[in-house]
Amino acid sequence: MKIIVECWPEKWGLPSIDLNALIVMSYLSFAGVPYERRIPRWKLAFGKEPKFYVDDKEFSSVDELFSHLRKMGVSLEYDVTIVQSADILAFRSYIESVLKPALMESLLYDSKNYVDTVRPALGSMIGFPFSLFVPNALRDRVNSMTFANYNLEYVTESQAAQDIRDHGAECLTQLSHRLSTQKFFLGNKPCSVDAFLFAHLALLLKCPLPSSPLQSHLQGCDNLIHFVNRVLREHFPNFYDEEEEKVKQEKETKRKKESDVVEWPNKRKNQVFAVLFGISAMLFYAFSSGMVTYEGKGAHIAFHSRGNRRRK
């Protein structure tokens, strides 16, 4: 069985910035099933959605793919109880209906986050001239789905966005309480909820957003952060190692800049003293060697070349 996962390229220490691809890749990794990660750059450049392939069959949605994989003998939930199965379905629905809109609001609706971080990232992946219009088209499409449950004739977009953020923050709190100190949603063994949870949390946590109350809320949930980093470290080590190195470099750069700021006044003062000392030494040499003489009442300073000094 050959599985191909088409997706947007890697970024921010993640194997992809494609939410559905992150779900599928983490699910397959949990199940120990090999797959091929493929970047369809021309398809992305023309605004087409990435697909998933199992042998000669094509799938557009995660649910369709998971259903087919189960028929092919690939599943994380063969031995779950009826109660656990109900919990899995309930929390998957909760993540998709509440956390996903909040994530999309932070990434694509928020103007500062989109302009400063997301749009440049998307543009660099598809190149000019597609970067001029494809990211905006993607943003419009996602935003229309994000606000689909709101009647914008009665509430403003900003009010709806605030409501989405509030529910998203509450969802993070509930997920944090549910995960508690467990390794995975059901304990020590991963299930499909863990794949959905990882994908949403990883994008929210790793994307360097300049303005995101939802990201700030997540950063206060230590067990969720630990969950994301552990999955990255164990299942996507190449990308996790690169991210760690990048974080170290950024910290070192920041430390050097802060050090320069602290040292700047003293450094500047030393430079001024050095210049003054140099000028003083040059003047002393000029007077002592007779190259410059001082003449009496008119305070006249005369300059002489070595070969034509004034004689007494």
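## A walk through the predicted model

Four strands come together here as an open sheet of mixed pairing, in the order β2-β1-β3-β4. β2 (36–38) and β4 (57–59) stand at the edges with a single partner strand each, so one side of each has no neighbour in the sheet. From one strand to the next, the twist averages 20 degrees. Please keep in mind as you look around that this is a predicted model.

If you would like to trace one pairing by eye, try strand β1 (residues 3–6) and β2: the two run parallel and are joined by 3 bridges. Val5 is a handy landmark, since it stands opposite Arg37 in β2.

Two spots in the backbone deserve a closer look. In the loop between β3 (52–54) and β4 you will find Asp55. Its phi is near 55 degrees, a positive value in a residue other than glycine. The other spot is Pro129, found in the loop between α5 and α6. The peptide bond leading from Phe128 to Pro129 is cis, with omega near 5 degrees.

Now to the helices. Two packed helices are described by the angle between their axes and the distance between the axes. For helix α4 (residues 82–109) and helix α7 (residues 157–179), the angle is about 135 degrees and the axes are 9 Å apart. Why is α4 called oblique to α7? The angle of about 135 degrees is not over 145, the cut-off for roughly antiparallel, and lies outside 65 to 115, the range for roughly perpendicular, which makes α4 oblique to α7. The crossing of these two helices is left-handed.

Finally, there is the largest pocket, which holds about 900 Å³ of space. Its lining consists of 38 residues, and those nearest the centre of the pocket are Leu19, Asn20, Lys100, Met104 and Val142. Which helices contribute to the lining? At least two residues each are supplied by α1 (19–31), α3 (62–71), α4, α5 (111–126), α6 (134–146) and α8 (192–206). Helix α4 therefore turns up in both places: it packs with α7 and supplies residues to the pocket lining.

The table sets out the residue classes for the helix contact and for the pocket lining.

| Region | Nonpolar | Polar | Charged |
|---|---|---|---|
| Contact of α4 with α7 | 13 residues | 4 residues | 6 residues |
| Lining of the largest pocket | 22 residues | 7 residues | 9 residues |

Technical notes: Residues numbered from 1 in each chain as written. Predicted model: local features only at pLDDT ≥ 70, side-chain atom pairs only at ≥ 80, totals over all residues. Heavy atoms only, no water. Axes fitted to C-alpha atoms, helices over the stretch in contact; angles between N-to-C directions. Parallel < 35°, antiparallel > 145°, perpendicular 65-115°, else oblique. Left-handed = near helix turned anticlockwise from the far one by under 90°. Nonpolar A, V, L, I, M, F, W, Y, C, P; charged D, E, K, R; others polar. 1 Å grid on protein atoms, 1.4 Å probe; cavity = no way out; pocket = protein on both sides within 12 Å on 5 of 7 lines; lining within 4 Å. Points joined across faces, edges and corners; volume = space filled by probe spheres on them. Pairing = 2+ DSSP bridges.
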